[in-house]
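Q: Could you take a close look at one part of this chain, the strand that holds a particular threonine, and then place that part within the rest of the fold? A careful, connected account would help me most.

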Amino acid sequence: MTDPIADYLTRLRNAIKANHRVVEIPASNLKKEITKILFEQGYILNYKFIEGETPAGIIKIALKYDPVDRVNAIKALKRVSRPGLRQYTGYKDMPRVLNGLGIAILSTSQGVMTNKEAREKKIGGEVLCYVY
């Protein structure tokens, strides 16, 4: 596999389209950080890191649905920076996703964070994905 982040996002997208409650994804440190951000921003219900089944472990993610009309909290997941075409941004040119309603997840020198956190800390980095 050449792009594990794209695989992570695709597994989430497929689980959402199939109306699954829980999705299991092979773990890595970057995927764990992205999962924590999705939980903090309210896009997923819960997550759990399971060690031991595979060398890196597994991430179990409970997807968040509206109880009334069964609409998922995540409308779209879009991969921005790819192995063949990296997308970097400075803090002055930080992307606004859906006019501020969505988030961009960045990999910076101080760790993985949202575009809002990076703008406050005045640091730039590689734009991994858009979530809204």
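A: Threonine 89 is found in strand β5, and this description, like everything that follows, rests on a predicted model. With a relative accessible area of 14%, threonine 89 falls under the 20% limit and therefore counts as buried. Leaving aside residues up to four places away in sequence, threonine 89 touches Met94, Pro95, Leu106, Gly124, Gly125 and Val127. Its surroundings also bring together distant parts of the sequence, for threonine 89 and glutamate 126 are 37 residues apart along the chain, while their C-alpha atoms are 6.4 Å apart in space.

Following the chain onward from this strand, one comes to the loop between β5 (88–89) and β6, where leucine 98 has its place. Leucine 98 is not a glycine, and yet it has a positive phi of about 55 degrees. Most residues other than glycine have a negative phi, which is the reason to look at this loop with some care. The relative accessibility of leucine 98 is 47%, so that this residue counts as partly exposed. Asparagine 99 is likewise placed in the loop between β5 and β6, and it too has a positive phi of about 55 degrees although it is not a glycine. Asparagine 99, however, has a relative accessible area of 62% and is therefore exposed.

Beyond the loop, strand β6 (residues 103–108) pairs in the antiparallel sense with strand β7 (residues 111–114), and the pairing extends over 4 bridges. These two strands, β6 and β7, form a hairpin that has 2 residues between them. Within this pairing, threonine 108 has glycine 111 in β7 as its bridge partner. Strands of a sheet pair through backbone hydrogen bonds, either parallel or antiparallel.

To place this part within the fold, it helps to turn to the earlier stretch of the chain. There, 3 strands form an open sheet in the order β1-β3-β2, and the pairing is antiparallel. Its edge strands are β1 (22–26) and β2 (44–50), each of which pairs on one side only. On average, and with direction ignored, neighbouring strands of this sheet are turned by 20 degrees against each other. The antiparallel pairing of β1 with strand β3 (residues 58–63) runs over 5 bridges, and valine 23 stands opposite isoleucine 61 in β3.

Two helices lie across these strands. Helix α1 lies across β1 and β3, running at about 165 degrees to β1, whereas helix α2 lies across β1, β2 and β3, running at about 155 degrees to β2. The helices also meet each other: α1 (residues 4–17) and α2 (residues 29–40) pack at an angle of about 40 degrees, with their axes 10 Å apart. The two helices are therefore oblique to each other, and their crossing is right-handed. On the side of α1 the contact is made by Pro4, Ile5, Tyr8 and Leu12, and on the side of α2 by Leu30, Lys31, Ile34, Thr35 and Leu38. By character, the residues of this contact divide into 7 nonpolar, 1 polar and 1 charged.

How values were computed:
Residues numbered from 1 in each chain as written. Predicted model: local features only at pLDDT ≥ 70, side-chain atom pairs only at ≥ 80, totals over all residues. Heavy atoms only, no water. Axes fitted to C-alpha atoms, helices over the stretch in contact; angles between N-to-C directions. Parallel < 35°, antiparallel > 145°, perpendicular 65-115°, else oblique. Left-handed = near helix turned anticlockwise from the far one by under 90°. Contact = heavy atoms within 4.5 Å. Nonpolar A, V, L, I, M, F, W, Y, C, P; charged D, E, K, R; others polar. Pairing = 2+ DSSP bridges. Buried < 20%, exposed > 50% of the residue type's maximum accessible area, 1.4 Å probe, protein only.
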